[in-house]
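Subject: A structure for you to explore

Hi there,

Here is the structure I promised to pass on to you. Have a look at it first, and then read my notes below.

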Amino acid sequence: MRRLHGRSVSAGIVIANVALVQERPLPTIGNACSADTPESELARLDNAITQTQRQITKLRTKLEALPEEGREEIGALLDVYERMLGHSRLIRTARARIAKDRLTAEAAVQQESETLAALAGPKPNTPEEEREAAARRAGEFREIARRLLRNLTGVSFRAFSNLPVGCILAAEQLRPADAALIDPTRIAAVLSEGGGATDHTAIMLRALNVPAVLAVTDLTSAVQDGDLLIVDGARGEIVVNPDPATLAEAQAAMAAEAQERKGISRLRRLPARLTGGEDIELLANVELPAELPLLRRNGAQGIGLLRSEFLFDEDREWPDEMAQYAVYAGIVRGMDGLPTTIRVLDWGGEKGLERLRMLGYAAAEDGGNPALGMRGLRLLLHHPEILLTQFSAILRASMDGPVRVLLPMVTATNEIVTARELFEKAARRLRRKGVKLPSRLPPLGIMVETPAAAMTADALVQHADFLAIGTNDLTMYTLAVDRAMTMDSDLYSPLHPAVLRLIATTVNAALRGHRPVCVCGELAADPHAVALLIGMGLRSFSMTASALPPVKKLIRALSLEECDTLRRQAMLADDPPNLRAVVRNFRG
Ligand code: PEP
Ligand code: MG
């Protein structure tokens with residue numbers, strides 16, 4: 001028996017035999033010059049492009065069978081691939097090199113894709129999440145090159161269709177397009193040695209709802225085809241050839257999970273109500289429209305945080321007002337009358353780095369720290385044209401259903417005042433153009449995610465229509481620990497007395513100022529922490545959609561008195577380990 005660990009990507013416990021899927025290697029390509037004429041190499045490249053385009057079209061037809069969440073994610077990726085096969089830099093330069101340097105089509109494609117992947121790929125000393133986004137972009141170049149090279153050399157692609165039903169698929173690398181070929185009714189779980197928790201493959205697997213662990217160290221050397229495995233997707237743990245006791249334990253956990261899943265579908269229609277009758281609002285955090293079905297399935301009462309910075313492809317031209325409107329309106333309409341809170345662009349930190357670069361801000365590799373300084377609202381106020389366009393698009397979408405607007409990274413009242421002036425200016429301009437808007441503009445709220453905002457919340461509430469506490473950044477900026485920190489996960493924990501006090505200060509200011517307040521950081525996805533936050537006066541939470549059922553389940557079993565007792569105990573804990581223990585041990 002051996003235990004392996006990787007990154008948890010999609011929850012679920014599975015016991016099954018593993019099918020190790022290997023890819024036939026490509027022949028070495030190197031710096032080969034062609035013995036043939038450039039014309040014949042160019043013709044070979046054209047053939048390979050046509051063949052690859054055909055394969056991508058075929059892949060698109062398979063999307064129909066995927067759940068809607070997966071369809072959107074992979075569809076967008078196939079668009080990227082198709083663009084790369086068109087008049088892209090990759091193809092243009094590969095052609096030029098065939099003609100000028102007399103390279104073979106294979107060498108030209110490989111060299112140019114590697115150059116582009118290196119340019120796009122992660123640089124040393126960058127934060128992990130940024131590295132993942134860059135690795136994702138680099139992966140797109142490599143994937144299209146891999147497809148072209150397989151077609152040029154005639155080395156076939158691997159297929160998943162002949163794998164035994166109910167097996168666990170394990171591979172060294174799993175590409176997003178591979179993930180699209182996975183039939184969740186036939187594959188019980190997915191493991192790979194490469195990959196991160198937030199890349200396209202991971203998003204796909206989550207959307208498909210297949211238990212998955214990626215970035216598993218030593219996976220392909222530790223596992224033999226046919227081995228019996230226990231996969232715990234939530235923990236990111238794999239047991240290879242378990243002993244009888246471990247197997248029995250996993251079987252019991254699986255049965256409990258199945259029971260819990262049944263309970264979840266029953267829970268969906270029930271209110272999130274404490275035993276004493278007090279209602280709690282449960283909303284969802286959303287990054288992509290593809291998440292809407294899960295959010296509805298899990299009974300979200302609205303979107304508490306739409307992270308707009310993730311809605312638009314960084315590699316494409318920045319969408320204008322109407323293009324943005326189309327996306328916002330689609331989501332607002334999809335919510336069927338439930339509220340949608342759209343946060344304006346929060347570029348900075350690990351997000352939107354390409355855009356920051358284009359706006360002239362120092363890249364992380366140039367020594368600039370995108371988490372500090374020009375981030376979120378501050379950045380937008382330096383580029384009011386970007387904010388005005390986004391406000392206008394959101395205002396238009398507010399005719400399609402209830403919308404609230406959220407400002408990220410606020411640190412002072414003057415920022416809110418200026419943002420509101422721009423918000424009203426955008427509304428005036430639209431009305432002058434004859435665009436119909438609601439008679440009362442949507443509420444304009446603020447994220448409280450810096451110590452500065454929390455400490456001055458009493459002043460900020462005078463200018464904000466509602467508050468959303470972002471515990472992810474609040475923790476990072478309070479504790480001086482990068483939120484992407486993986487070395488010692490206890491160092492980055494919102495359950496720290498300092499963070500708790502800042503939350504308490506914010507909640508008290510909001511309650512005194514009669515402003516709605518919610519928590520929308522990851523802390524809201526932890527049911528025990530939610531109990532504590534209810535004790536602190538919070539009644540609204542926004543979280544990743546998959547966390548809604550367990551949070552609701554606990555809420556329905558809780559009384560306000562219990563939450564208050566937990567709060568008192570938590571406030572007495574004077575160091576992070578004690579505080580974490582109090583919260584973890586709540587209810588035994
Ligand atoms: C937060 O900081 O807690 C938050 C919700 O915003 P984001 O995670 O998008 O930075
Ligand atoms: Mg934040």
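To begin with a small puzzle: what is the relative accessible area of Asp 79? The value is 29%, so Asp 79 is partly exposed. Please keep in mind as you read on that this is a predicted model.

**Salt bridges**

Asp 79 does not stand by itself, as its side chain forms a salt bridge with that of Arg 60, with 2.8 Å from N to O. Arg 60 belongs to helix H1 (residues 38-63) and Asp 79 to helix H2 (residues 68-85), so this pair ties together parts that are 19 residues apart in sequence. Arg 60 is partly exposed too, at a relative accessible area of 24%.

How many salt bridges does the structure hold? The count is 29, and here are two more that you can look up.

One of them joins the side chains of Arg 296 and Asp 336, at 3.7 Å from N to O. Arg 296 sits in helix H10 (residues 292-297), while Asp 336 is in the loop between helix H11 (321-334) and strand E11 (340-343), so the pair ties together parts 40 residues apart in sequence. With a relative accessible area of 31%, Arg 296 is partly exposed, whereas Asp 336 counts as exposed at 60%.

Another pairs Asp 465 with Arg 420, whose side chains meet at 3.4 Å, N to O. Here, distant parts of the chain are linked: Asp 465 is in the loop between helix H17 (457-460) and strand E14 (467-469), and Arg 420 is in helix H15 (residues 413-432), 45 residues apart. Both are partly exposed, Asp 465 with a relative accessible area of 29% and Arg 420 with 21%.

Some salt bridges share partners, and in this way Glu 309, Arg 343, Asp 346, Lys 351, Arg 375, Asp 473 and Arg 483 are joined into one network. Remember Asp 473 from that list, as you will meet this residue again.

**The magnesium ion**

Which residues are the protein donors of the magnesium ion (ligand 2)? They are Glu 449, through OE, and Asp 473, through OD, at 2.0 to 2.1 Å from the ion. Glu 449 lies in the loop between strand E13 (444-448) and helix H16 (451-455), and Asp 473 lies in helix H18 (residues 471-479), so the pair ties together parts 24 residues apart in sequence. Are these donors buried or exposed? Glu 449 counts as buried because its relative accessibility is 2%, and Asp 473 is buried at 2% as well.

**Two helices that cross**

Next, find helix H9 (residues 244-267) and helix H21 (residues 548-556), whose axes come within 10 Å and cross at roughly 75°. That angle makes H9 roughly perpendicular to H21. On the H9 side the contact is made by Glu 260, Ile 264 and Leu 267, and on the H21 side by Pro 549, Lys 552, Lys 553 and Arg 556. Sorted by kind, the residues of this contact are three nonpolar, no polar and four charged.

**A buried glutamine**

Last, look at Gln 324 in helix H11. Gln 324 has a relative accessible area of 1%, so this residue is buried. Leaving aside residues up to four places away in sequence, Gln 324 touches Phe 312, Trp 318, Pro 319, Thr 389, Gln 390 and Ala 393.

Enjoy exploring!

Best wishes

Definitions and conventions
Residues numbered from 1 in each chain as written. Chains lettered and ligands numbered in written order. Predicted model: local features only at pLDDT ≥ 70, side-chain atom pairs only at ≥ 80, totals over all residues. Heavy atoms only, no water. Donors = N, O, S within 2.8 Å, 3.2 Å for Na, K, Ca; no water. Helix = DSSP H or I, 4+ residues; strand = E, 2+ residues; numbered from the N terminus. Buried < 20%, exposed > 50% of the residue type's maximum accessible area, 1.4 Å probe, protein only. Axes fitted to C-alpha atoms, helices over the stretch in contact; angles between N-to-C directions. Parallel < 35°, antiparallel > 145°, perpendicular 65-115°, else oblique. Contact = heavy atoms within 4.5 Å. Nonpolar A, V, L, I, M, F, W, Y, C, P; charged D, E, K, R; others polar. Salt bridge = Lys/Arg side-chain N within 4 Å of Asp/Glu carboxyl O.
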